[in-house]
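Trainee: Please take me through one part of this model in detail, the open sheet and the helix packed on it. I would like a connected account rather than a list.

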Amino acid sequence: MIGLVLMALTFPANDAKARRTGNVRTQAIDMVMIHSTGGPTCDAGTGKPIWVRAGTLDEDMRKIEADPKLGVHYMIDRDGTLRASVPEDEVANHVLHYSGQSIGIELINDGDGLDPFPEAQLASLVKLLRDIKQRRGITRDGIKRHSDLDHALLSCDRTQRRKVDPGAAFPYESILNRVFQPR
Ligand SMILES: [Zn+2]
């Protein structure tokens, strides 16, 4: 409960009705995972690989919240707007095998290594990561990209990885430095 109170004080959800329930956590949280909402997938109609580009914050949040198999804790828009979904104290299914021990953050971005991450979005991410780090004792090594932990291939194209987000345009080392630099 303390965590929820703290979170409510620090990050008031701006769309309370959108918040979803996750599963009960049985593992301690020692990881935060960064995603982009865009990325490769297999087109259900053609069975061919396609690249799904990022939508708006509303569209991408709705897509995840409408899918009973998926979930996320936070989503950050290009302008830095932060939206909360599943409460941190509950599990959101955002990564295979590691959801039970992690907090998932989605960034609105195509995830193709070309789409730039605006500073307003990165500054909002740094603020959120610092807050989570302080509340949860997350180490530098505990902040991961989705691509660091899912190396599986696309079911429709075994030459392509299934998860490459947030992609090469995401300034990972710089973000880690900003989160962990002494203030
Ligand atoms: Zn991802």
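Mentor: What follows starts with the sheet, moves to the helix lying across it, and ends with a separate hairpin and some totals.

The model is predicted. The open sheet has five strands, in the order β6-β5-β8-β2-β9, and its pairing is mixed. At its edges are β6, residues 82-84, and β9, residues 143-145, each of which pairs on one side only. On average, neighbouring strands of this sheet are turned by 25° against each other, direction ignored.

Within that order, β8 and β2 are neighbours. Strand β2 covers residues 31-36 and strand β8 residues 102-107, and the two pair in the parallel sense over six bridges. One position that can be picked out on the display is V32, which stands opposite I103 in β8. As a general point, strands of a sheet pair through backbone hydrogen bonds, either parallel or antiparallel.

Now the helix. Helix α3, residues 119-136, lies across β2, β5, β6, β8 and β9. Relative to β8, α3 runs at about 170°. An angle over 145 degrees counts as roughly antiparallel, so α3 and β8 are roughly antiparallel in their N-to-C directions.

Helix α3 also meets a second helix, α5, which spans residues 172-180. The axes of α3 and α5 come within 9 Å and cross at roughly 50°. The two helices are therefore oblique to each other, and their crossing is right-handed. On the α3 side the contact is made by L122, L125, V126, L129, R130 and K133, and on the α5 side by I175, R178 and V179. By class, the residues of this contact divide into six nonpolar, no polar and three charged. The contact thus includes R130 and K133 from α3 and R178 from α5.

A different kind of pairing is found between β3, residues 39-42, and β4, residues 49-52: these strands run antiparallel and are joined by four bridges. Here P40 has W51 in β4 as its bridge partner. The hairpin of β3 and β4 has six residues between the strands, and in it G47 takes a positive phi near 75°.

For context, the secondary structure of the protein comes to five helices and eleven strands. Of its 183 residues, 33% count as buried. Among contacts between residues at least 6 apart in sequence, 69% join residues at least 24 apart.

Conventions
Residues are numbered from 1 along each chain as its sequence is written. This is a predicted model: local features need pLDDT of at least 70, side-chain atom pairs count only at pLDDT 80 or more; totals for chains, interfaces and linings use all residues. Two strands pair if DSSP finds at least two bridges between them. Axes are lines fitted to C-alpha atoms, for helices over the stretch in contact, and angles run from 0 to 180 degrees between N-to-C directions. Two residues are in contact if their C-beta atoms, placed from the backbone, lie within 7 Å. Angles under 35 degrees count as roughly parallel, over 145 as roughly antiparallel, 65 to 115 as roughly perpendicular and the rest as oblique. A crossing is left-handed if the near helix is turned anticlockwise from the far one by less than a right angle, and right-handed if clockwise. Ala, Val, Leu, Ile, Met, Phe, Trp, Tyr, Cys and Pro count as nonpolar, Asp, Glu, Lys and Arg as charged, and the others, Gly among them, as polar. A residue is buried if 20 or more other C-beta atoms lie within 10 Å of its own, exposed if 12 or fewer, and partly exposed in between; C-beta atoms are placed from the backbone.
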